[in-house]
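User: I have a new structure here. Can you walk me through it?

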Amino acid sequence: MWMDTKSEAKQASRTRAGLHQRLFNSLLLCTGDMLHLDQHMEGKLFVLQLAVWSLRGVARVILANNPLSGALILAALYWASPWQGLLGTLGVLASTLTAVIIGQDSAEVSAGLHGFNGMLVSLLMGVFSSAGDWYWWLLLPVCFGSATCTFLFSGLSPLLDRWDLPVAVFPFNIVIVLYLLCTGPNNPYYPHHLATPPGALELNATQLDTAEVVRGIPLGVGQIYACGALGPSLIILGAVLLYSPLMALHALLGSAAGTLAGLSMAVRHASLYSGLSGFNGALGCMGVGGLFFTFSWRTHLFAIASAFLSAYADIALSNLLGSVGLPACSWAATLMVTLMLLLTGQSLAAYRIPIGQVKAPEHNLRSRSQWESGNTSDRESTDV
Amino acid sequence: MWMDTKSEAKQASRTRAGLHQRLFNSLLLCTGDMLHLDQHMEGKLFVLQLAVWSLRGVARVILANNPLSGALILAALYWASPWQGLLGTLGVLASTLTAVIIGQDSAEVSAGLHGFNGMLVSLLMGVFSSAGDWYWWLLLPVCFGSATCTFLFSGLSPLLDRWDLPVAVFPFNIVIVLYLLCTGPNNPYYPHHLATPPGALELNATQLDTAEVVRGIPLGVGQIYACGALGPSLIILGAVLLYSPLMALHALLGSAAGTLAGLSMAVRHASLYSGLSGFNGALGCMGVGGLFFTFSWRTHLFAIASAFLSAYADIALSNLLGSVGLPACSWAATLMVTLMLLLTGQSLAAYRIPIGQVKAPEHNLRSRSQWESGNTSDRESTDV
Amino acid sequence: MWMDTKSEAKQASRTRAGLHQRLFNSLLLCTGDMLHLDQHMEGKLFVLQLAVWSLRGVARVILANNPLSGALILAALYWASPWQGLLGTLGVLASTLTAVIIGQDSAEVSAGLHGFNGMLVSLLMGVFSSAGDWYWWLLLPVCFGSATCTFLFSGLSPLLDRWDLPVAVFPFNIVIVLYLLCTGPNNPYYPHHLATPPGALELNATQLDTAEVVRGIPLGVGQIYACGALGPSLIILGAVLLYSPLMALHALLGSAAGTLAGLSMAVRHASLYSGLSGFNGALGCMGVGGLFFTFSWRTHLFAIASAFLSAYADIALSNLLGSVGLPACSWAATLMVTLMLLLTGQSLAAYRIPIGQVKAPEHNLRSRSQWESGNTSDRESTDV
């Protein structure tokens with residue numbers, strides 16, 4: 001439909017804008033950071049609050065901060081493997097409760113910052129255990145390891161705060177490596193698989209299956225939760241989409257970049273097919289493209305660079321740690337995003353968002369554009 | 001005896017308190033930090049001053065700062081092995097003298113801060129050398145390595161000062177690992193034993209001997225000085241008791257926790273029997289329980305947690321470094337105490353003592369209670 | 001000739017001083033930092049500017065900052081191996097251009113600070129590649145790795161700035177280790193040699209050839225550019241001489257100290273003959289003796305100490321990294337100079353030059369003596 005007169009067009013656009021605004025607002029209630037929920041939860045039962053904090057923690061693993069995303073992801077994990085789902089739930093609860101007990105900052109606890117490392121540690125403990133599912137003794141190290149993550153998180157934050165850096169998943173990466181080293185390959189109580197380096201020679205190397213490689217790209221998103229099934233991986237991707245479409249896009253893009261990097265280095269086919277080549281790329285891409293930096297074309301290019309660098313660094317670290325049977329986890333992506341946050345110069349540093357104000361990319365974008373338009377109108381009004 | 005009248009009771013309690021006070025004061029002269037000795041030593045011969053500084057350095061290894069404890073420990077080491085005693089003496093002298101020569105802060109030198117790393121390096125060089133006792137060429141790397149510790153101490157302190165962290169035994173840990181790597185296993189001049197990882201398989205594994213395991217607990221205190229004999233270990237424990245009973249208690253407690261951690265991970269029996277499983281736990285427990293934090297029930301619980309974490313981290317690092325034949329030394333305890341000092345939140349950080357004011361735990365306790373009662377009386381007086 | 005009268009002597013000395021001064025000044029135009037060239041280049045074609053920046057970058061590898069030295073060194077590299085020369089040129093251009101593109105500080109770019117890491121990475125990629133010369137696919141990782149160096153340089157600088165430390169060759173060391181790990185030993189696209197640890201046993205060990213060992217000392221200077229031929233190494237030494245005679249002296253001295261350290265640890269003969277034992281010593285000696293500290297007898301002694309420490313640390317790290325087939329590159333010297341810059345106390349810290357004011361040693365010496373004499377004359381004039 002084409003508007004004839006100017007006033008009519010204005011009227012209609014206003015109405016449309018109003019409707020659009022209201023729709024947008026109601027959608028925003030379930031997407032983004034859902035900060036309004038925190039106000040709603042105040043004064044509620046501790047168990048309910050703990051549930052929200054933990055669900056935020058679950059989503060934080062994939063850099064999202066939305067309890068609905070967390071619930072969706074947890075459901076996906078229970079679908080993939082009930083045992084893994086149980087371990088994850090226990091991990092996020094153990095580390096969050098430890099944070100409450102040792103008196104960590106309540107704002108941090110309620111933002112789920114003390115949950116995600118514990119969850120990752122318990123998921124990885126389950127994946128690497130060779131004692132099979134429902135090996136109940138594993139709950140001991142799961143609780144102990146998750147609680148240790150809270151200590152590490154609290155201890156690393158003053159170190160990294162000096163440069164306004166997030167603690168990210170450093171605690172998880174440290175604890176899981178120490179756990180696997182501590183138990184060793186022949187432990188009678190907690191036996192575990194050894195990680196195979198991606199550069200290891202394959203004896204029965206066959207032709208590369210393109211369909212499998214493409215399938216590895218969404219699996220790379222699931223591998224962030226150590227989940228190697230396609231269905232749950234897609235649900236996890238959906239949970240990210242709920243938090244922020246931009247992040248979901250960057251997750252897929254980063255996973256694809258990681259797979260490309262893996263191809264260029266001729267890694268083991270299993271590594272490409274399972275999505276293990278892609279997940280560091282996905283994390284590296286998501287962190288730079290929209291979360292810690294305001295989205296723009298420049299940030300987007302840096303995000304792709306970060307994805308490739310994360311993926312190559314991951315292959316390198318996996319080969320190094322794999323020589324003693326250890327996995328490289330997400331060391332590569334964590335270090336690379338930290339590096340990107342430290343970059344000086346006008347290209348990227350100008351877009352950086354202070355860690356305390358990091359929100360969903362769409363929110364970051366709006367607040368910056370509002371702030372900029374505010375600045376412009378101020379300047380205009382002073383001009384008059 | 002029961003006092004009838006109030007005034008009599010007061011009188012008696014005063015007398016008793018006075019006597020108690022005087023006894024306490026005269027006991028304090030030989031226990032704690034013996035700061036009065038420093039005033040007494042001023043203007044004395046350099047050789048005498050150097051002896052006191054070095055004895056403080058000897059005691060500093062086990063976190064004590066008392067020249068009498070140092071003398072006791074040195075005697076224990078000479079008892080265990082005269083060659084080791086000689087190496088230790090040479091190490092503490094070499095690094096203290098280097099500090100004097102390169103012009104380090106005189107307050108630091110006289111507090112023995114430049115001696116303990118050098119002593120540990122030379123003791124460990126002696127223990128790992130496979131050339132036997134009285135191999136005089138070893139004195140060359142002993143002097144060189146001890147001097148290097150002073151450089152590292154001086155260089156690391158501005159790095160760690162930013163977070164008010166102690167340099168602790170980082171220099172020792174770095175230098176001994178570099179020395180063992182440098183000489184390698186087949187060195188014609190300085191051959192050395194390879195360290196066996198605690199998780200290594202034992203071929204002739206026998207039943208665990210409970211008496212031996214219990215005996216390993218006090219040995220864990222001696223292993224801080226790389227001493228594996230029971231008698232000298234008990235003297236070392238006595239030296240700690242002289243400095244501070246609380247520290248001695250925590251040393252035993254930490255060693256027991258470390259042994260428990262070792263049992264839970266099924267480490268080699270030799271590691272449990274020799275006390276090697278316990279010494280990192282002991283150090284981790286002593287640092288948190290009373291030294292760097294005012295003693296309280298909370299600190300005590302954190303000290304036990306720190307002991308377990310140190311012990312597990314030590315098993316992990318020993319397995320990692322043991323795969324290239326290196327010992328993990330006290331990396332685990334040093335890192336863990338550093339982590340504990342960095343912890344944020346109200347539980348532990350509130351009890352933290354600034355590094356410059358760290359004294360014997362009993363002194364820390366008294367100065368804090370005096371300070372708190374002072375605050376209360378001030379408040380009362382202003383209320384009136 | 002002996003002057004009789006005072007006025008004549010003064011006159012002659014003035015004339016001589018004037019001539020000397022003029023000669024000195026005209027010599028200074030080609031030596032030292034050649035800062036006047038920067039003013040001259042302003043507003044010139046970008047390609048010309050880029051050439052000067054890159055030549056500065058080439059010289060920066062060996063701690064010199066002089067485009068003429070850079071040109072001389074580049075010529076030496078092309079003489080030694082045209083392929084290596086091409087790789088080096090490409091590396092320095094790629095990383096400098098990346099710095100321009102991602103908007104790094106222009107003062108840093110024009111000082112060549114973003115070139116030297118990229119150059120080193122590409123030279124080492126060429127040396128370790130087992131695909132032979134003129135393997136054109138290698139240009140891909142060369143460009144990618146050199147560009148990554150710029151990212152690392154930019155990211156590490158805020159970390160190290162806190163302690164006024166230079167980023168030095170940390171980016172090169174990180175990137176080359178990651179590259180070699182990433183490609184692994186059996187990579188189908190980018191195969192590479194494994195590094196042999198210096199402590200490895202030699203089966204056909206023959207008598208040590210003194211002439212070869214002495215020849216290894218100047219080769220140690222060439223090995224800073226991964227160049228193992230004598231002629232080019234001497235030209236490189238000449239290029240350093242052009243920048244600063246003091247630095248050239250320390251380079252040789254450090255290389256000799258490194259060779260001595262290698263002898264004392266009985267490293268492989270090949271390591272001594274090729275100069276690989278000496279180059280970390282050379283770098284460690286040059287950094288402390290004159291560049292980052294004003295030259296004096298004390299600094300000189302510290303420089304020799306730094307050379308020995310760098311060399312020993314290099315043997316240790318080479319043995320460690322060699323166990324997984326990696327080279328230790330210049331990790332040892334970089335870490336040791338960083339440690340020396342951190343040293344507290346009056347001996348060395350008093351001579352330290354702030355990183356922003358580091359110039360050629362001769363210039364540092366003159367500016368300090370001028371500054372001190374200025375202080376003295378000021379004091380004298382106020383006395384009058």
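Analyst: Here is a quick tour, from the whole chain down to a single residue. Keep in mind that this is a predicted model.

User: Fine. How many helices and strands are there in chain A?
Analyst: Chain A has 18 helices and zero strands.

User: And how compact is chain A for its length?
Analyst: Its radius of gyration is 22 Å, and the globule rule gives 21 Å for 384 residues. The two values are close, so chain A is as compact as a globular protein of that length.

User: What box do its C-alpha atoms fill?
Analyst: Roughly 80 × 55 × 40 Å for chain A, taken along the principal axes.

User: How much of chain A is buried?
Analyst: Buried residues account for 54% of its 384 residues.

User: What about the surface, then? Which atoms supply the exposed area of chain A?
Analyst: Chain A exposes about 16,600 Å². Carbon and sulfur atoms supply 66% of that area.

User: Where are the domains in chain A?
Analyst: Domain 1 covers 46-193. Domain 2 comes in two pieces, 196-202 and 210-374.

User: How far apart are their centres?
Analyst: The C-alpha centres of domain 1 and domain 2 of chain A lie 20 Å apart.

User: And how many residues are in contact between them?
Analyst: In chain A, 36 residues of domain 1 are in contact with 34 residues of domain 2.

User: What about contacts across the sequence of chain A?
Analyst: Take the contacts between residues at least 6 apart in sequence. Of these, 73% join residues at least 24 apart.

User: New topic. What turn lays chain B on chain A?
Analyst: A turn of 120 degrees, with a shift of 0.0 Å along the axis. The RMSD is 0.0 Å. The two copies are therefore related as by a three-fold rotation axis.

User: Which C-alpha in chain B is nearest the axis?
Analyst: That of B:Arg162, 5.5 Å from the axis.

User: Do tell: what surfaces do the copies use, the same or different?
Analyst: Different ones: 8% of the contact residues of chain B recur in chain A.

User: Now one residue. Where does C:His300 lie?
Analyst: C:His300 is in helix H15 of chain C, which runs over residues 297-322.

User: Is C:His300 buried or exposed?
Analyst: Buried. Its relative accessibility is 11%, and buried means under 20%.

User: What does C:His300 touch?
Analyst: Leaving out residues up to four places away in sequence, C:His300 touches C:His250, C:Leu253 and C:Phe295. With C:His250 there is also a polar contact between the two side chains, at 3.0 Å.

How values were computed: Residues are numbered from 1 along each chain as its sequence is written. Chains are lettered from A and ligands numbered from 1 in the order in which they are written. This is a predicted model: local features need pLDDT of at least 70, side-chain atom pairs count only at pLDDT 80 or more; totals for chains, interfaces and linings use all residues. Side-chain values use heavy atoms; hydrogens and water are left out. Helices (H or I, at least four residues) and strands (E, at least two) are DSSP runs, numbered from the N terminus. Buried means under 20% relative accessible area, exposed over 50%, partly exposed in between (1.4 Å probe, protein chains only). A polar contact is a pair of N or O atoms within 3.5 Å; within protein, one must be able to donate a hydrogen and the other to accept it, and residues adjacent in sequence count only if both atoms are side-chain atoms. Contact means heavy atoms within 4.5 Å. Copies are superposed by least squares on the C-alpha atoms of residues with pLDDT of at least 70 in both. The radius of gyration is taken over C-alpha atoms; the globule rule is 2.2 Å times the number of residues to the power 0.38. Accessible areas come from the Shrake-Rupley method with a 1.4 Å probe; for residues, only the protein chains shown count as cover. Domain bounds come from an automatic or database domain assignment.
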